[in-house]
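Trainee: Pick one spot in this model and give me a close look at it. I'd like to know what sits around it and how the neighbouring pieces pack.

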Amino acid sequence: GRLEAVTQQMGYHPQYLDSFLKMQHYLMHMDGPLPFDCRHYIAIMAAARHQCRYLVNLHVLQFLRAGGDPQWLRGLDFIPPKLRNLNEINKILAHRPWLITKEHIEKLLKISEWSWSLAELVHAVVLLAHCHALASFVFGCGCEQDDGLGGRGSLKPLSPGNQCFCEVATGNGCSQELLRINRKRSLDSCMELDSLRERMQRIHVETEGREETRLLQQDREEGEGQGAEVGMQDGTEHCSDLSAGLSPLADTDGEVTGATNLACYMQDPDFGYQDFARRDDDQTQVFRVQDYSWEDHGFSLVNRLYSDIGHLLDEKFRMVDGLQSSAMAKRQGCEPSVFKRGIWNYIHCMFGIRYDDYDYAEVNQLLERMLKVYIKTVTCYPEKTNSEMFDRFWKQFKHSEKVHVNLLILEARMQAELLYALQAITQYMI
């Protein structure tokens, strides 16, 4: 029942699914500033911040299919410095986006061998925000769910064909044609998966052989004991040791698996969400939408530097805003637009984004305590979400209505991260 879990959940709202797939297909598979393998590796880095194995495993396979270097999958110590330098913004955007400054942008864009262009950085920022928000949806809807003890945990990776939601674009939403294509890809991918297993096993054997030879030679040249430490800087933290088994290899059941320890894709794993609070003038200022908004500022900037992505993002934001939620709103005794705005503004409030024309007292009137707890958990630390939380919030509501709430979380969170990042880019450019 896990065939394309994300697509199945979003399929409760076909029009939104259509918009989502078009944007994601363009972001990951169409012409753009970043190489295809780098796109998937950035997605791996983003998903790892929230320990989302579902997305990490998906993009590990897509990374290899795009011709990515398997050595990169051993962790951040094995990727080019240019990509590794993105780690700081990834960390901040995922947990405390209000800390992003123009200095972070300047550091990445400074003239050097590993500098980013503005277009590349905008592409990377959209990727990071997209995958952080999608991780919230994955956990919020139980796509990460496992049958093991505790009900949640490591998700067995699906075959590449079964995960093709990230590369499918269709004009008919969750149509029969989409389902037919997916079934065909699932069958066609069997031979490809076998080939991938053989390739990874061969690469692993060859890599271990070369590493063994290199270390033995180094031992002879530098003396006993010295060679063992070469290439092992921060090895325990960043999973540099070949013997740790962190390359995606065929396991005992013959399934291709991703990294067993997602820490190899992270630095500073203890860095997480903290409640936004303005204590004094030295603290981070509240982000006022009246001063910098998606409609008036972010859209034009991102569209200028990464052609057409702004239109696709804007369509997705508008689509989720237009979804019908009359049943949810009726239960709360208010108009659908009022109810959705309450959820959206509550999410933005947790990231320090304020609307001067909104009365925040409405949030407590519209949103029950259990719903607020659920929204905050899925938004700020989705990896702590459990199935009981999903089942408990608004038991009387349909599953499609709960998915709708998770779509609002996805889009509100993504827009919040983009606003902070794009504002910092704008300040740098001024």
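Mentor: Let's settle one word before we dive in: a contact means heavy atoms within 4.5 Å. The model is predicted, so local features need pLDDT of at least 70 and side-chain atom pairs count only at pLDDT 80 or more, while totals for chains, interfaces and linings use all residues. Residues are numbered from 1 along each chain as its sequence is written, and side-chain values use heavy atoms, with hydrogens and water left out.

My pick is Asn406, which is found in helix α18, residues 399-429 (helices are DSSP runs of H or I with at least four residues, strands are E runs of at least two, and both are numbered from the N terminus). Asn406 counts as buried because its relative accessibility is 0%; buried is under 20% relative accessible area, exposed over 50%, and partly exposed in between, with a 1.4 Å probe and protein chains only. Leaving aside residues up to four places away in sequence, Asn406 touches Ser136, Phe137, Gly140, Cys141, Tyr374, Val378 and Phe390.

Take Cys141 from that list. Cys141 is buried too, at 8% relative accessibility. Its closest cysteine sulfur belongs to Cys143, 5.7 Å away, which is too far for a bond. A disulfide needs two cysteine sulfur atoms within 2.5 Å, and searching the whole structure turns up zero of them. Cys380 is another buried cysteine, with a relative accessible area of 3%.

Now follow the chain back into helix α8, which spans residues 118-140. Helix α2 (residues 14-29) comes up to α8, with the axes within 11 Å and crossing at roughly 135°. Axes here are lines fitted to C-alpha atoms, for helices over the stretch in contact, and angles run from 0 to 180 degrees between N-to-C directions. That makes α2 and α8 oblique to each other: under 35 degrees would be roughly parallel, over 145 roughly antiparallel, 65 to 115 roughly perpendicular, and the rest is oblique. On the α2 side you have Phe20, Met23, Gln24, Leu27 and Met28, and they meet His123, Val126, Leu127, His130 and Leu134 of α8. Sorted by class, that contact has seven nonpolar, three polar and no charged residues (nonpolar is Ala, Val, Leu, Ile, Met, Phe, Trp, Tyr, Cys and Pro; charged is Asp, Glu, Lys and Arg; the others, Gly among them, are polar).

Helix α3 (residues 36-48) packs on α8 as well, at about 45° with the axes 9 Å apart, so α3 and α8 are oblique to each other. Arg39, Ile42, Ala43 and Ala46 of α3 meet His123, Ala124, Leu127, Leu128, Cys131 and His132 of α8. The split there is seven nonpolar, two polar and one charged. His123 and Leu127 turn up in both the α2 and the α3 contact.

Back on α2's stretch, there's a partner from much later in the chain: Met319, in helix α12 (residues 309-322). Met319 touches Gln15, Tyr16 and Ser19, again not counting residues up to four places away in sequence. The C-alpha atoms of Met319 and Leu17 are 9.4 Å apart, across 302 residues of chain. Met319 is partly exposed, at 24% relative accessible area.

To zoom out, the protein chain has 18 helices and two strands. Buried residues make up 55% of its 430 residues. Of the contacts with a separation of 6 or more, 74% join residues 24 or more positions apart.
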